[in-house]
Amino acid sequence: MTQQLTSPSPARRAAGPAPGPGWWRDAVIYQVYVRSFADSDGDGIGDLRGVRERLPYLKELGVDAVWLTPFYASPQADGGYDVADYRAVDPLFGSLADADALIRAAHAHGLRVIVDIVPNHTSDRHPWFRDPELARERYLFRPGRGADGALPPNDWESVFGGPAWTRTDRGDWYLHLFAPEQPDLNWDNPEVHAEFAAILRFWLDLGVDGFRIDVAHGMVKAPGLPDIGRGSQATLIGNQSLPFFDQDGVHAIHRSWRTLLESYGGARIGVAEAWAPTPERLALYVRPDELHQAFNFQFLTADWSAAALREVIDASLAATASVGAPTTWVLSNHDVVRHATRLGSLARARAATLLMLALPGSVYLYQGEELGLPEVTDLPDEARQDPAFLRRRATDTGPSGQDGLRDGCRVPLPWTVDGPSYGFGDGGSWLPQPAAWGGLSVAAQTGDVDSTLELYRAALALRRSLPGLGDGGMTWREAPDGVLAFARPGLVCTVNTTGGDVALEAPGKLLLASAPLPARGASAVLPGDSCAWWAI
Ligand code: BGC
């Protein structure tokens with residue numbers, strides 16, 4: 001993936017370089033959480049111009065594409081995943097002209113651009129929801145249960161905690177799988193289909209290279225909206241079939257979107273954010289006539305053990321191979337605890353990253369993981385903005401599917417060693433940054449060969465230089481207990497998931513390691529919680 005890339009929209013066909021064949025199959029895609037990446041106007045909130053100014057950093061890091069989280073007009077009840085106008089940029093983040101300029105500038109840097117699309121729900125400030133007649137047809141309203149309809153229509157719980165229903169002044173109830181400010185759309189209504197097709201076209205015409213489809217498993221609900229009849233539903237999400245997630249009916253929507261994407265020349269992609277219960281169910285989203293990729297949350301949630309990792313890698317590869325799609329790998333995003341904290345140490349996080357970058361398929365990185373940022377676990381309650389946190393407090397419900405601690409992975413990035421917000425912007429930062437942030441900044445790590453930033457840069461450069469590494473085959477090799485070893489085109493990857501040193505025969509010349517690794521001739525000692533790449 002070293003060639004210059006393009007996004008050949010009808011509007012822009014003349015502007016960019018030629019598309020690569022199936023570019024997404026081995027792409028490294030960097031998630032920009034716009035609100036926390038870079039703030040160009042000093043209001044404490046990241047914006048599109050801030051992203052544009054930092055494109056050279058992303059280019060130099062060595063990624064192929066960026067995924068921008070929602071920047072559309074929104075009351076920000078859920079960090080922009082509550083969209084009031086899908087064709088407008090929220091003034092917090094800039095203007096449509098800024099979005100246009102960002103897409104052009106990214107393409108000029110050879111970076112593709114994926115934007116987020118939120119089709120399961122809108123904001124309650126969306127014009128459709130504000131018009132009672134339109135709302136009735138385009139959202140999911142139902143009468144309540146009980147003598148005077150005072151009980152919710154069924155027992156579904158919101159992913160953010162509490163009932164998934166809110167009663168209106170008129171006495172009926174509407175469904176919201178997330179916050180009450182995020183009413184679920186009625187995908188039985190053809191006008192909803194038509195509107196989203198038009199929204200996709202709007203952004204494709206502006207030149208985007210694809211969409212990350214939010215809650216891609218949620219748009220279709222089981223007929224009759226049946227009760228679940230089991231206790232806390234949060235623990236079931238992603239593990240079991242539920243009447244509001246992963247219903248077979250969603251696939252018709254994804255098929256129609258694939259047709260739409262193909263009409264733009266074949267290089268525009270759809271990526272499913274789908275919490276499916278098994279790799280096999282997830283693979284259905286990436287059948288040849290559906291979406292191009294789906295996030296692999298089974299990998300993200302795997303334990304740090306050789307057996308668990310090998311099992312999830314094999315299951316993921318087998319499931320996607322059965323439909324001819326590339327596998328994807330991800331360790332962090334804006335909804336989960338950063339992997340430097342989740343896995344228990346930075347050493348494990350660095351090792352997990354090298355493992356991920358050696359696997360066949362496409363990789364998603366989340367901003368700040370290249371700095372080894374930990375989760376910020378001590379944010380004051382009054383600073384928190386995650387609706388899951390606020391709702392849990394308001395409804396006094398137990399841990400929900402999204403446990404209300406998502407602010408800790410969204411703290412704005414440190415770019416410089418000091419300054420008002422460590423170079424994030426000239427003003428403050430919408431979430432307080434820890435004092436240690438300066439030492440973890442881009443400036444502090446650049447040029448330090450032992451830093452996590454330089455490890456990412458080196459790994460991404462090597463990945464590019466080894467043809468076939470992204471999408472080629474993989475063979476497991478014999479390895480001691482607790483160690484994984486596999487061969488890929490051009491390298492062998494060894495991962496020691498135990499806490500102690502393991503001696504092994506060096507599979508080749510050492511290329512890169514996540515920890516200092518004394519290699520002496522034919523033998524080597526792989527330190528605990530480390531990963532090494534060897535040339536073969
Ligand atoms: C997004 C979350 C968001 C939710 C509701 C998720 O999949 O990643 O950040 O809260 O969808 O839109």
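**Reading the ligand site and the cysteines**

Aspartate 335 has a side-chain N or O atom 2.5 Å from an oxygen atom of the ligand. This is a predicted model, where local features need pLDDT of at least 70, side-chain atom pairs count only at pLDDT 80 or more, and totals for chains, interfaces and linings use all residues. Residues are numbered from 1 along each chain as its sequence is written, and side-chain values use heavy atoms, with hydrogens and water left out.

Q: Why is the pair between aspartate 78 and the ligand called a polar contact?
A: A polar contact is a pair of N or O atoms within 3.5 Å (within protein, one must be able to donate a hydrogen and the other to accept it, and residues adjacent in sequence count only if both atoms are side-chain atoms). A polar side-chain atom of aspartate 78 lies 2.5 Å from a ligand oxygen, so the pair qualifies. For aspartate 214, the distance from a side-chain N or O atom to a ligand oxygen is 2.7 Å.

Q: What makes cysteine 493 count as buried?
A: Buried means under 20% relative accessible area, exposed over 50%, and partly exposed in between (1.4 Å probe, protein chains only). Cysteine 493 has 0%, so it is buried. Cysteine 409 is buried too, because its relative accessibility is 1%.

Q: Why is there no bond between the sulfurs of cysteine 493 and cysteine 531?
A: A disulfide is a pair of cysteine sulfur atoms within 2.5 Å. The sulfur of cysteine 531 is the closest cysteine sulfur to that of cysteine 493, but at 3.5 Å it is too far, so no bond is counted. Across the whole structure, the search finds zero disulfides.
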